[in-house]
Amino acid sequence: MKHPVMSAARTDNQRLNIEEFDKRETALRSRPLALFVELTQNCNLECPSCRSATKFRPDWNMPPEVFDRVADELFDTALLVDLRGWGESTILKGFPHAVDRVLASGARLRLVTNGQVNNRSVWDRMMAANSQVVLSCDAASQDLFSKLRSGGTLERLRRTAGDLVRFRDEHGADPHGLSLYVVVSRPNLDELPDIVALADDLGIRQVTFAPIQIGLDHPWHLSHDLDGVRRALDLSTARARELGVRLQLASSLDVELNLDDDVKQMCMHPWAYAYISYQGRVGFCDHLIGMTKYTFGSLTESSFEDIWNSEGFRHLRHSHAQDALGDEFSACRWCYLQRYVDFEDEIHPEYRRHVVSTDTRTVLWANGGGSCARQTFLGDDQAETPESRVLLPLTVKSSGVGRA
């Protein structure tokens, strides 16, 4: 059975949620259409651009009673459930159980994973249900992969991708439901066309690029090499069309390269998305996973309905509707500068016309599209590790930018 299964409850909730979003209502009768359930903040890799390594901590895993409560109350009306957080969900012994709970509900399962754990029986069940699996891959060579994905190997990702492709094709699942997701930074610009070719070699038909979220002064920030970004985008676009791989941008790679007509005009996340942290706190955005300051209450203290229509959520929706985002929502301002459709079109069909990909656009960047000053996504909270300043150092020159 292919998911999502459009039951009466799910169909009614989607209709009502879109209606309330279109009217910009702040108190909602509908429930979220997309859920992001953070099973853990533990990870099996030590990526230098993400966070410093730490030992496995059981207290960073979602308690079973919290997960079961979320599943019981929210899965039946959600179109999509994404089992990820600020960690790697596949390392958990309970991950297969979480997968089965989502599939049993009829919601479409989505997973973003580093692909270092290959669980064939889980992939078989997921592909049979037409689930989405997004493999995070920032390099096409083992040398760069081992630096950007410290502790991981390209060969393990290849094995995982190979089994996923096999099950996808056996079950006739959506060919674009399995994809590579690439965080673009200056260190991997030259490998972007090769990552597209890697996807084709693996049998993966979609690749998504998104810019690294890091301080403006950091040498990895893309603004320091816009000529390199343009060149990499053009070469990657040509390679994608040659190989029949869809290349999509989740956002522009720099505000100066914006396709202005496609930059998000109104974000539906405060109305349609809910992030449940491993602690049971409730937030509103998959781009703000791991950030307690962007949550509005805990399921250990309040009901979901009370949090969903709390003063904090209502203020968030009103601020978006009035285009009056204060400093407490500074991350949202970045999205209104650069964000395109990521996968919102999965739950709101009107968003499909703004998907930026090689299927829909001749070129994926424009010259001088952005007149706004650049800003970092998370401001002072931007994740950065000392290792990222040392690893693959690039020099920001005073008169421009060049590579060391």
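Helix H6 (residues 154–171; helices are DSSP runs of H or I with at least four residues, strands runs of E with at least two, numbered from the N terminus) has 18 residues that should span 26 Å at 1.5 Å a residue, and its end C-alpha atoms are 26 Å apart, which agrees. The expected span is 1.5 Å times one less than the number of residues. This is a predicted model, in which local features need pLDDT of at least 70 and side-chain atom pairs pLDDT 80 or more, while totals for chains, interfaces and linings use all residues. Residues are numbered from 1 along each chain as its sequence is written, and side-chain values use heavy atoms, without hydrogens and water.

Among the buried residues of H6 (under 20% relative accessible area, 1.4 Å probe, protein chains only) are Leu157, Asp163, Phe167 and Arg168. Their cover includes helix H4 (120–128), strand S4 (132–136) and strand S5 (178–184). After H6 comes Gly172, with a positive phi near 65 degrees.

We turn next to the pockets. A pocket is an open set of points on a 1 Å grid over the protein atoms alone, where a 1.4 Å probe fits, with protein on both sides within 12 Å along at least five of seven lines; lining residues have an atom within 4 Å of a point. The largest pocket has a volume of about 1300 Å³. Its lining counts 44 residues, with Cys50, Arg84, Gly85, Trp86 and Val183 closest to the centre. Strand S3 (108–113) gives the largest share of this lining, three residues.

The second largest pocket holds about 470 Å³. Of its 26 lining residues, Gln132, Gln206, Arg246, Asp345 and Glu346 lie nearest the centre, and S5 contributes the most, three residues.

Terms used. Buried < 20%, exposed > 50% of the residue type's maximum accessible area, 1.4 Å probe, protein only. Contact = heavy atoms within 4.5 Å. Points joined across faces, edges and corners; volume = space filled by probe spheres on them.
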